[in-house]
Amino acid sequence: MDTRAFRRLIRRRWRSILAGTVIVGVLTLIVDLLQPPVYQASATLLVNQNRGLTAPSYESVLMSQQLTRTYAELLKKRPLYEGVIASLSLTTTPEQLMRNVRVSTIRDTQLIVVSVRDRSPQRAADIANELVRLLREQDRQLLAGAFAGSERGLSVVEPAWPDPAPFSPKIARDVLLGAIFGLLGMFGIAVVREYIDETVKTSDDVARLTHAPVLGVIRGASSAVQRSFAIDDNVPEAYRMLAVRLRTTLHDQRASTLLITSAEPLEDARTVAAYLAAVSARSGQRAILVDGDLRQPMLHSFFDLAGVPGLKEALECAQSLPVYRYLRPTSFAHLMLLPGGEPTANPMILLDSPRLHDLVAELHQHAELVIMVGPALLAVADPLLLAKAADAALLVVRAESTGAAATIAARAMLDQTSIRLAGVVLTGAVDEPLASWSGDPMDVGSSVFRQRLWWGTMGRHALRGASPPTSSASSRTSDA
């Protein structure tokens, strides 16, 4: 993962990563607070061997270390724990008590450490000291019996004492470790989700998928429907750049018609069309904005205008009234709006009539640029009928929302109907440069990206029972 992909991952998933880290930390804190505190007390013993020798030999040292391990094993035997329970009148079993005792030897020494954990610090110290006392008493009995000739002994280096600080839970440590593991776990989940995510993320992805130039990158554009539309000198520079690039792409035609649509249902297409029309009008170009979504006409709400009558009434009018009767002036000079009119459930009959071409030709008598907004390409066939009356189409793709397979299918649909794709606009982008991708359209990127894209596309269409969309090589180069 390169630096750019890592930054994009953090930017996209930082909320879930942070939330997961906090949740794991809080859960760890709750668990620790619900647990009763456990205290630990430790006693240290020294094993002496051949105490009468002033210069112990190497063999005696080895024997002392072996004897140390022997005493450590004796501390794990049941008789000692039965004696401790009897001496201290404990209400437990030897097995339960043995689970709370840890016996360890310090490497390369003759020291034994007996650690006892209990919910009472005083009882933990008493148990440790009683274990040591019983072991020493047992050792003296052995010295007085069969091993009376041996010179050895056990010395208490440090007796156990009650520690008021609990051994566990250690809240600060546990919460910190929980937060670290939560962070690592959520980051791993984010990486997996990022890898299997097939949505478009950057302008480079859009260019590779559509084999078309990215004419504009709109940072952070909202997909919500705008009810109050306003534009001033502080309009995002990306829209001004889009207008300039679009005129260049259309070869500065005196009169041109542009269809703005999207692969999947996306409100950004209306937003881009409204801003583009307003920017073009402010630059002195006469423009008409046409709401071609006759199923859900909504462009009039951007300008606080009435939506009826509109394009639907103009297309079904038997007397073929002049189109200017349906145009609505907006608050921007040189910009007129042709609303969609009364919503209809089946607008294909109206859009497939010759009247649409005549109406567009008539609109060019009143404007130099006609921008039509159509529904999503993969949702209905309406935008294809609108595109036949346009000079070119502009595809709007939303970063981290539009799927790669949908983008490919939209481009293939335009190619199959011989509709020219002027370019693509990427919305919702963050940390993207204003300059669009300008490389070779045939550069489809790394092999890893191609494999992920191919498998994702094949998998989706296999589930749908359809063949994946493809575009011909000629169509790839014709619109580049």
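This note goes through a mixed sheet, the helix packing beside it and two further helices in a predicted model.

1. Basis of the comments. The model is predicted, so local features are taken at pLDDT of at least 70 and side-chain atom pairs only at pLDDT 80 or more, whereas totals for chains, interfaces and linings use all residues. Residues are numbered from 1 along each chain as its sequence is written, and side-chain values use heavy atoms, with hydrogens and water left out.

2. The sheet. An open sheet is formed by 8 strands in the order 5-12-11-6-10-7-9-8, with mixed pairing; strands are DSSP runs (E, at least two residues), helices are likewise DSSP runs (H or I, at least four), both numbered from the N terminus, and two strands pair if DSSP finds at least two bridges between them. Strand 5 (214-219) and strand 8 (328-329) are the edge strands, each pairing on one side only. Strand 6 (residues 256-262) pairs with strand 11 (residues 392-398) in the parallel sense over 5 bridges, and Ile260 stands opposite Leu394 in strand 11.

3. Helix 8 on the sheet. Helix 8 packs on this sheet and touches strand 5, strand 6 and strand 12 (421-429), contact meaning heavy atoms within 4.5 Å. The direction of helix 8 makes about 170° with that of strand 5; axes are lines fitted to C-alpha atoms, for helices over the stretch in contact, and angles run from 0 to 180 degrees between N-to-C directions.

4. Helix 8 against helix 9. The axes of helix 8 (residues 237-249) and helix 9 (residues 268-282) come within 9 Å and cross at roughly 75°, and the two helices are therefore roughly perpendicular to each other (a term for angles of 65 to 115 degrees). Tyr239, Arg240, Leu242, Ala243 and Leu246 in helix 8 meet Thr271, Val272, Tyr275, Leu276, Val279 and Ser280 in helix 9. By class, this contact has 8 nonpolar, 2 polar and 1 charged residues.

5. Helix 3. Within helix 3 (residues 78-88), the residues Leu80, Tyr81, Val84 and Ile85 are buried (under 20% relative accessible area, with exposed meaning over 50%, for a 1.4 Å probe and protein chains only). Seen down the helix axis, these buried residues fall within an arc of 135°, so they line one face of helix 3; the arc is that of the directions from the helix axis to the C-beta atoms. The face turned away from the buried side carries the exposed residues Pro79 and Ala86. Just after helix 3, Ser89 takes a positive phi of about 55°.

6. Helix 7. In helix 7 (residues 203-210), 6 of the 8 residues are buried, so this helix is largely enclosed by the rest of the structure. Its buried residues are Ser203, Asp205, Val206, Ala207, Leu209 and Thr210. His211 follows helix 7 and has a positive phi, near 55°.

Conventions. Parallel < 35°, antiparallel > 145°, perpendicular 65-115°, else oblique. Nonpolar A, V, L, I, M, F, W, Y, C, P; charged D, E, K, R; others polar.
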